[in-house]
Structure formats: structure tokens, C-alpha cells
Amino acid sequence: MEIIQEENKLTYVSTEECRGNFVIPSNIRCIGAFAFEGRTGLTFVEIPITVEEIQVRAFFACVNLKKVVIRNPTLKMGQYVFDTCFSLKEIYIPRGSLKYFLLQDSLKGFEKCLIEF
């Protein structure tokens, strides 16, 4: 089992750590590029308010990821963060942040998945 962090950046999460639900630790400020790439066992991820950035293709090919909760209303997202996440149907975002998230290139194609809470 392995989770690699460089200071406040999550750079790698092993397949063993990604079974079912995963909550990003609150000391993380950035989720690195490809950090969760191909983690087919991942079905739910919660991203705390402390995370300020998700880099390019961080969740690339997490084909069984169904639900994401984003707590930061101004989260910066790189391109293709959820590329080929074919099962993703619900992305919960903070109330009042819908317009901001609709402008994120990374969420193109996921507009109908956005749910304010």
C-alpha cells in the first residue's frame, strides 16, 4: 500500500488504497497529474476544502468512479481531470459555485453531473 506525498501535494496513490471510497487527506493542497490514473476500484472520492488545485488527468481512466464531492468553491482544475471516467454521474459542488465550475474546461461533458449542495 502506497500513498506518495511531496509536501502538500498528493502525487501517487496505489491501487490497493483505491478500493471503494477515498477521502483526500486534509493536509493536501494539490492533487498531482495522473495521481489516481487507472484506479478502477475507486468509486467515490471526497476532495476537502483544503485542496486548491487538481492537476491534469489526476483521475484519468478511473472508469468505475461514480461520485465526487468537491468542497472548495474555487478549486482550480487542470485539463481532462476526469477523462474516461465513464461511470461518473454525480459531482457535488458547494452551493453558489455552479457558474464557476461550468467555466472549468476540465468539466466539459460533465455539466449535467454537477449538483450544488
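# A guided tour, starting at Asp83

Select Asp83 to begin: this residue counts as partly exposed, with a relative accessibility of 24%. The model on your screen is a predicted one, so treat the tour as a walk through a prediction.

**Stop 1: the partner of Asp83**

Keep Asp83 selected and add Arg57. The two form a salt bridge, and their closest N and O atoms are 3.5 Å apart. Asp83 sits in the loop between β8 and β9, while Arg57 sits in the loop between β6 and β7, so this pair ties together parts of the chain that are 26 residues apart in sequence. Is Arg57 buried or exposed? Arg57 falls in between: it is partly exposed, at a relative accessible area of 25%.

**Stop 2: another salt bridge**

How many salt bridges does a search of the whole structure find? There are 2. Besides the pair you have just seen, select Glu46 and Arg71, which form a salt bridge with the closest N and O atoms 2.8 Å apart. This pair links distant parts of the chain: Glu46 belongs to strand β5, Arg71 to the loop between β7 and β8, and 25 residues separate them. Arg71 is partly exposed, at 34% relative accessibility.

**Stop 3: Phe59 and its neighbours**

Go next to Phe59, in the loop between β6 and β7. Is Phe59 buried or exposed? Its relative accessibility is 0%, and buried means under 20%, so Phe59 counts as buried. Show the residues around it to see what covers it. Leaving aside residues up to four places away in sequence, Phe59 touches Ile31, Phe36, Leu42, Val45, Ile47, Ile54, Val81, Phe82, Asp83 and Cys85. Asp83, where you started, is among them. For a sense of distance, draw a line from the C-alpha of Phe59 to the C-alpha of Glu90: the two residues are 31 apart in sequence and 15 Å apart in space.

In the same loop as Phe59, between β6 (53-54) and β7 (67-70), you can also pick out Ala61. Its phi is positive, about 65 degrees, although Ala61 is not a glycine.

**Stop 4: a nonpolar patch on the surface**

Switch on a surface view and select Phe34, Val56 and Tyr80. Together they form a nonpolar patch on the surface, with about 250 Å² of accessible area. Phe34 is in the loop between β4 (30-31) and β5 (42-47), and it is partly exposed, with a relative accessible area of 36%. The backbone of Phe34 deserves a look too: phi is near 65 degrees, a positive value in a residue other than glycine. Tyr80 lies in the loop between β8 (76-77) and β9 and is partly exposed as well, with a relative accessible area of 42%.

**Stop 5: the sheet**

Return to the cartoon view and find the open sheet. It has 5 strands, in the order β3-β5-β7-β9-β10, and their pairing is parallel. Which strands are at the edges? They are β3 (20-23) and β10 (114-116), each of which pairs on one side only. Follow the sheet across and you will meet a twist that averages 20 degrees from one strand to the next.

To finish, look at one junction in the sheet. Strand β9 (residues 90-93) runs parallel to β10, and 3 bridges join the two. Select Ile91 and look across to β10: the residue that stands opposite is Leu114.

Notes:
Residues are numbered from 1 along each chain as its sequence is written. This is a predicted model: local features need pLDDT of at least 70, side-chain atom pairs count only at pLDDT 80 or more; totals for chains, interfaces and linings use all residues. Side-chain values use heavy atoms; hydrogens and water are left out. Two strands pair if DSSP finds at least two bridges between them. Helices (H or I, at least four residues) and strands (E, at least two) are DSSP runs, numbered from the N terminus. Axes are lines fitted to C-alpha atoms, for helices over the stretch in contact, and angles run from 0 to 180 degrees between N-to-C directions. Patches are made of residues with over 30% relative accessible area and no salt bridge: like charges are joined within 9 Å, nonpolar side chains (Val, Leu, Ile, Met, Phe, Trp, Tyr) within 5 Å. Accessible areas come from the Shrake-Rupley method with a 1.4 Å probe; for residues, only the protein chains shown count as cover. A salt bridge is a side-chain nitrogen of Lys or Arg within 4 Å of a carboxyl oxygen of Asp or Glu. Buried means under 20% relative accessible area, exposed over 50%, partly exposed in between (1.4 Å probe, protein chains only). Contact means heavy atoms within 4.5 Å.
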